[in-house]
Amino acid sequence: MKTLDIRQDSFSAEGHTTSYLAAGEPGGPVVIFTHGWPELGLSWRHQLPFFASLGFYAVAPDMRGYGKSTVYARHEDYRLELSVADMLRLADHLSTEQVLWVGHDWGSPVAWSIASHHPDRCHGIASLCVPYALERGLEFMRGFIDREVYPEDQFPYGQWEYMKHYEEDFEGATAPMDRNPRALVQAIFRSGDPAGFKQPSGTAFTRVNGGWFGELQEAPDAPIDENVISPEDLDVYATHLEANGMFGPNSWYMNHEANAEYSARAVNGGRIDIPALFVAARYDYTCESITSRLAEPMREECSNLTEEIIDSGHWMAQEKPIEVNQAMARWLVNALPHLLAPR
């Protein structure tokens with residue numbers, strides 16, 4: 001009888017500790033879910049038991065800088081190449097050669113990088129919201145900005161203005177978040193809003209407003225959106241962000257050049273031939289890839305690509321877990337049916 005309870009565990013290797021949640025029984029195919037900013041393995045709480053019910057050993061780590069995983073004090077310790085190494089060591093710890101990788105937000109470039117650098121370690125790759133190739137750096141991403149929405153004279157970095165703000169004033173961007181991480185989480189974990197279609201993302205105003213929250217010294221007081229997180233979930237996120245600070249999570253944005261150099265070393269010229277799934281969020285206006293050109297490099301360089309669209313905002317796995325799980329299950333049936341074989 002398989003247990004669907006979510007358990008917490010950790011391991012250490014080469015001076016780095018990775019804390020992770022797990023569901024299902026070891027021995028089945030392994031799926032590893034990689035989260036993004038400013039989240040935790042908890043972000044995959046709706047996917048872990050679902051994949052365990054399909055026979056997977058489902059694992060969701062806290063990425064470096066988050067939760068109970070190791071926190072580092074230098075920006076360069078948050079470049080993609082090191083997170084990829086963390087994840088491969090996690091796979092080794094789980095005694096598996098190949099993994100089904102599922103990423104979201106910054107966890108997506110980690111998963112895409114594993115697929116492009118280590119295809120032999122992959123059954124397949126799935127990404128929510130973030131298409132392939134954005135790990136090539138901020139300057140690369142500028143080439144795919146929708147200039148009808150983001151005129152260059154007003155928004156030179158388009159929806160990515162907030163990333164440039166980190167580079168220009170990291171301390172100024174981070175301090176208001178550190179003053180009240182609970183308010184930050186409560187303010188940003190929100191459902192998608194159809195009214196934002198073809199309007200600039202709020203992230204585009206970060207530089208012109210002098211920060212995420214403009215003149216405010218901390219995140220604004222906003223009601224919790226229980227369609228995305230519960231009060232109990234909020235407590236967990238806030239507790240870890242208060243303990244660790246936002247230096248680590250925000251430092252993921254400080255390595256565009258290093259990440260671009262790493263991306264250039266991908267095997268097969270960066271082409272990905274393993275099965276790949278991209279699930280776009282219709283109301284994610286920062287990673288808008290339905291009407292813009294943002295997904296073009298992925299479509300050109302992934303030869304076995306499936307695409308889905310879900311009517312949600314950026315926090316897709318938490319806002320629309322049933323739809324996300326269904327999309328991934330359909331893909332598995334069609335692209336990787338052997339992973340669902342009875343054991």
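These notebook entries record what I looked up in the structure.

**Basis of the entries.** I worked from a predicted model, in which local features need pLDDT of at least 70, side-chain atom pairs count only at pLDDT 80 or more, and totals for chains, interfaces and linings use all residues. Residues are numbered from 1 along each chain as its sequence is written, and side-chain values use heavy atoms, with hydrogens and water left out.

**Naming.** I took helices (H or I, at least four residues) and strands (E, at least two) as DSSP runs, numbered from the N terminus.

**The sheet.** I looked up the strand order of the open sheet of 8 strands and found β1-β2-β4-β3-β5-β6-β7-β8, with mixed pairing. Two strands pair if DSSP finds at least two bridges between them. Strands of a sheet pair through backbone hydrogen bonds, either parallel or antiparallel. I noted β1 (7-13) and β8 (305-310) as the edge strands, each pairing on one side only. Neighbouring strands of this sheet are turned against each other by 20° on average, direction ignored.

**The two ends of the sheet.** At one edge, I found β1 paired with strand β2 (residues 16-23) in the antiparallel sense over 7 bridges. Ala13 has His16 in β2 as its bridge partner. The hairpin of β1 and β2 has 2 residues between the strands, and Glu14 takes a positive phi near 50° there. At the other edge, strand β7 (residues 276-281) runs parallel to β8, joined to it by 6 bridges. Ala280 has Ile309 in β8 as its bridge partner.

**Helices across the sheet.** I looked up which strands α3 lies across and recorded β3 (30-34), β5 (99-104), β6 (122-128) and β7. The direction of α3 is about 155° to β6. Axes are lines fitted to C-alpha atoms, for helices over the stretch in contact, and angles run from 0 to 180 degrees between N-to-C directions. Helix α13 (residues 321-335) lies across β3, β5, β6, β7 and β8, and runs at about 160° to β8.

**Helix pair α2 and α3.** Two packed helices are described by the angle between their axes and the distance between the axes. For helix α2 (residues 80-93) and helix α3 (residues 107-117), I recorded an angle of about 75° and axes 9 Å apart. The two are therefore roughly perpendicular to each other. Angles under 35 degrees count as roughly parallel, over 145 as roughly antiparallel, 65 to 115 as roughly perpendicular and the rest as oblique. Their contact (heavy atoms within 4.5 Å) is made by Leu80, Ser83, Val84, Met87 and Leu88 of α2 and Pro109, Val110, Ser113 and Ile114 of α3.

**Helix pair α7 and α8.** Helix α7 (residues 181-188) and helix α8 (residues 231-244) pack at about 135°, with axes 8 Å apart. They are therefore oblique to each other. The residues in contact include Arg182 of α7 and Asp235 of α8.

**Two single residues.** I looked up Ser251, which lies in helix α9 (residues 247-251). Ser251 counts as buried because its relative accessibility is 0%; buried means under 20% relative accessible area, exposed over 50%, partly exposed in between (1.4 Å probe, protein chains only). Leaving aside neighbours within four places in sequence, Ser251 is in contact with His75, Tyr78 and Phe170. I then found Tyr72 in the loop between β4 (57-61) and α2. With neighbours within four places in sequence left aside, the contacts of Tyr72 are Gly15, His16, Arg64, Asp77, Tyr78 and Phe247.
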